[in-house]
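Trainee: I would like to learn how to read a model like this one, feature by feature. Could we go through it together?

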Amino acid sequence: MFPAMVIAMLTAITVWWFLIQRLKDKPWTKQGVVPTSTETVFPSAPKVGLWVFLAVVSSFFGLFASAYFMRMRPVHGGLEDWAPLAEPSILWINTVVLVLASGAMQIARNRADSDDLRGVRGYFTAAALLTLLFLTGQVLAWVIVTASGQYGPGNPAYTFFILLTGLHGLHLVGGLFVLLRTTARVWRGVDKLAVVTRGRIRLSVQLCTTYWHWLLLIWLGLFALLLST
């Protein structure tokens, strides 16, 4: 119960911090670059597509969470091979790292919204490095759990642990491809980029930030689930 409360508090603090960052940036006072006809037509499609994708994948994770509970507490009995998994403490460190990565993405978005693409560089690079650190920590958590010798493929708790963290990690890897591609474009001579190209980079930064915030919330939910059971 206590770990779940800690995760809930961490989630609330994270959402509060993101809101404060947006308010401090005062988006209602920004002048920005006047969008071209190309920018006004196309940005809505990627945003809608992303939200549809997030809704579908959220349902997907929800189904796995339901299966987790059903497998842990079988209704008809007979499946009493569930042994609670002692989650390695490194998962707490990984959680903090992912919070920092998402925070760096938010600051990068604030800079991009202000048309400060040079300011995006460092924070986007930091987010990529922190994400790689998180993924490395997740693999290390697998190694620690496997090396303990108390769990194995025969234990469904172990299987669900690998499955849930692995699926979350795969979504991060997919997002890294877009993040790194956008980072490479930002590191090129931004002052020489056309207005439309700068608009597309800003859109990519916005989409990446939304995706990272969503992955952070998904992970906080998964972590709370693992700790509470």
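Trainee: Let me begin with charged side chains: which residue meets Arg111 in a salt bridge?

Mentor: Side chains of opposite charge can pair when their charged atoms come close. Here the partner of Arg111 is Asp116, with a distance of 3.6 Å from N to O. Keep in mind as we go that this is a predicted model.

Trainee: Are Arg111 and Asp116 buried or exposed?

Mentor: The scale has a middle class, from 20% to 50% relative accessible area. Arg111 has 31%, so it counts as partly exposed. Asp116 is partly exposed because its value is 29%.

Trainee: How many salt bridges are there by this rule?

Mentor: The count is two. The other pairing to look at joins the side chains of Arg109 and Asp113, at 3.8 Å from N to O. These two residues sit four apart in helix 4, so about one helical turn separates them. Both Arg109 and Asp113 are buried.

Trainee: Before I trust such details, how should I read the confidence? What is the mean pLDDT of the protein chain?

Mentor: Start with the mean, then see where the confidence is high and low. The mean is 76, and 69% of the residues reach 70 or more. Helix 4, residues 90-113, has the highest confidence with a mean of 93, whereas helix 2, residues 37-41, has the lowest, at 42. The pLDDT is below 50 over residues 1-42, a stretch that has 53 contacts in the model beyond near neighbours in sequence.

Trainee: Now the overall fold. How many helices and strands does the protein chain have?

Mentor: There are seven helices and zero strands. For the way the chain comes together, look at contacts between residues at least 6 apart in sequence: 85% of these join residues at least 24 apart. As for burial, 43% of the 229 residues are buried.

Trainee: And how do I read the interior? Which residues have the most contacts inside the largest nonpolar core?

Mentor: In soluble globular proteins, nonpolar side chains tend to be buried together. In this model the largest nonpolar core has 53 residues, and Val120, Phe124, Trp212 and Trp214 have the most contacts inside it. Helix 3, helix 4, helix 5, helix 6 and helix 7 each supply at least two of its residues. The one that gives the most is helix 7, with 16 residues.

Trainee: What does Trp212 touch, beyond residues up to four places away in sequence?

Mentor: Its neighbours include Ala101, Ser102 and Met105, along with Thr131. Trp212 also touches Leu172, Gly175, Leu176 and Leu179.

Trainee: Where does Thr182 lie, and is Thr182 buried or exposed?

Mentor: Thr182 lies in helix 6. It counts as buried because its relative accessibility is 3%. Setting aside neighbours within four places in sequence, Thr182 is in contact with Phe124, Ile201, Ser204 and Val205. Phe124 is one of the residues with the most contacts inside the core.

Trainee: Finally, the surface. Which residues form a nonpolar patch there?

Mentor: Look at Val139, Leu140, Val143 and Ile144, which together have about 320 Å² of accessible area. Leu140 belongs to helix 5, and its 41% relative accessibility is why it counts as partly exposed. For the whole protein chain, the exposed area is about 12000 Å², with 71% of it supplied by carbon and sulfur atoms.

Notes. Residues are numbered from 1 along each chain as its sequence is written. This is a predicted model: local features need pLDDT of at least 70, side-chain atom pairs count only at pLDDT 80 or more; totals for chains, interfaces and linings use all residues. Side-chain values use heavy atoms; hydrogens and water are left out. pLDDT is the predictor's confidence in each residue, from 0 to 100. Contact means heavy atoms within 4.5 Å. Buried means under 20% relative accessible area, exposed over 50%, partly exposed in between (1.4 Å probe, protein chains only). Accessible areas come from the Shrake-Rupley method with a 1.4 Å probe; for residues, only the protein chains shown count as cover. A nonpolar core is a set of buried Ala, Val, Leu, Ile, Met, Phe, Trp, Tyr and Cys residues joined through side-chain atoms within 4.5 Å. Patches are made of residues with over 30% relative accessible area and no salt bridge: like charges are joined within 9 Å, nonpolar side chains (Val, Leu, Ile, Met, Phe, Trp, Tyr) within 5 Å. A salt bridge is a side-chain nitrogen of Lys or Arg within 4 Å of a carboxyl oxygen of Asp or Glu.
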